[in-house]
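Subject: Structure for your files

Hello,

Here is the structure you will be working with. My notes on it follow below.

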Amino acid sequence: MKFGVIVFPGSNCDHDAYHVISKHVGQPVDFIWHRDTDLSSYDAVIIPGGFSYGDYLRAGALARFSPVMNSVKKFADSGRFVLGICNGFQILCEAGLLPGALIRNRDLHFICEHVNVRTETIDSPFTNELTRGSVLRIPIAHAEGNYVCDDATLDELQNEDRIVFRYCDRAGNVTAESNPNGARDNIAGICNRGRNVLGLMPHPERACEDLLGSSDGRDIFRSLAATLAAVVV
Amino acid sequence: MKAKVYVNLKSGVLDPQGKAIQHSVELLGFSGISDVRQGKYFEIALDGSVDDSQARESVEKIAREVLSNPIIEEYRVEIES
């Protein structure tokens, strides 16, 4: 199996993602410059966090027009796996690969702290090694992480079991107090209808070593690796 | 020829920046302000090779597909000859 980490001008979590794939997942991984369009040798791509195009216009709005994004759409349509983290989630929403949008945090602050998220579904290639309801401690670092969508989209996400992570307290209760940014229904991460595209605001790649305060993020990469091991010849 | 594009958050979409601006304005002593919403304004210079209606059509497309996110924002286009 082979991973790719897409690099836009302004991406800054690309090396973290690369490090986790090479060191903790132990699989080959390449950086993919945003002008490259050939994704044929990859089984999964990560759209990393950062400030692509300086967050000009709207977070993720300009990255959507990079040449690589057409290839990412085709890649996702073919059933291969796309993981968008933080700015990557914003880009996936702007590109229409995931529904909804991420707007300015409720309290305007850039929030950089560890939060708790509850695993809402294990029916996804990114969470199938987790337990439903398990609480992961993962850092967030964003100013625009307030997930919004219309009522119809929310119903669809709920009915199709596509809300993958929700902000919660340490015990796993989804409460208003544990919602760091005002996200609708405490949504921290969602997947597409095909379940092969996940976007989430928390940074699992920053939570893979105890030295960094948490290694809970490893389970997400472990799940994806297990999925790939089963499907990639 | 110039196009002006105004992009605003749809009503109902939280605008914490607008709220913060309103608060600051009120601290300055201005009263009677019931709401402040922050938006974006774009000026697009056109080279005059197309007529007004073609220009409007192009700029509407730019506004819809690039300058605004239709999930959270709405836009208005003005063409100045």
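**The sheet in chain B**

Chain B holds an open sheet of 3 strands in the order β2-β1-β3, with antiparallel pairing. The edges of this sheet are formed by β2 (39-45) and β3 (73-80) of chain B, each of which pairs on one side only. On average, and with direction ignored, neighbouring strands are turned by 15 degrees against each other. Please keep in mind that this is a predicted model.

Strand β1 of chain B covers residues 2-9 and is joined to β3(B) by 8 bridges, the two strands running antiparallel. One of the pairs involves B:Leu9, whose bridge partner in β3(B) is B:Glu73. As general background, strands of a sheet pair through backbone hydrogen bonds, in either a parallel or an antiparallel way.

A helix also belongs to this picture: α2 of chain B (residues 52-67) lies across β1, β2 and β3 of chain B. Relative to β3(B), helix α2 of chain B runs at about 155 degrees.

**A loop residue in chain A**

In chain A, I looked at A:Asn179, which sits in the loop between β9 (163-168) and β10 (187-191). Is A:Asn179 buried or exposed? A:Asn179 counts as buried because its relative accessibility is 6%, and the cut-off for buried is under 20%.

Beyond neighbours within four places in sequence, A:Asn179 is in contact with A:Arg106, A:Tyr167 and A:Asn186. A:Tyr167 is 12 residues away from A:Asn179 along the chain, yet their C-alpha atoms are separated by 5.6 Å. In addition, a polar atom of the A:Asn179 side chain lies 3.3 Å from the backbone nitrogen of A:Asn181.

Regards

Notes. Residues are numbered from 1 along each chain as its sequence is written. Chains are lettered from A and ligands numbered from 1 in the order in which they are written. This is a predicted model: local features need pLDDT of at least 70, side-chain atom pairs count only at pLDDT 80 or more; totals for chains, interfaces and linings use all residues. Side-chain values use heavy atoms; hydrogens and water are left out. Two strands pair if DSSP finds at least two bridges between them. Helices (H or I, at least four residues) and strands (E, at least two) are DSSP runs, numbered from the N terminus. Axes are lines fitted to C-alpha atoms, for helices over the stretch in contact, and angles run from 0 to 180 degrees between N-to-C directions. Contact means heavy atoms within 4.5 Å. Buried means under 20% relative accessible area, exposed over 50%, partly exposed in between (1.4 Å probe, protein chains only). A polar contact is a pair of N or O atoms within 3.5 Å; within protein, one must be able to donate a hydrogen and the other to accept it, and residues adjacent in sequence count only if both atoms are side-chain atoms.
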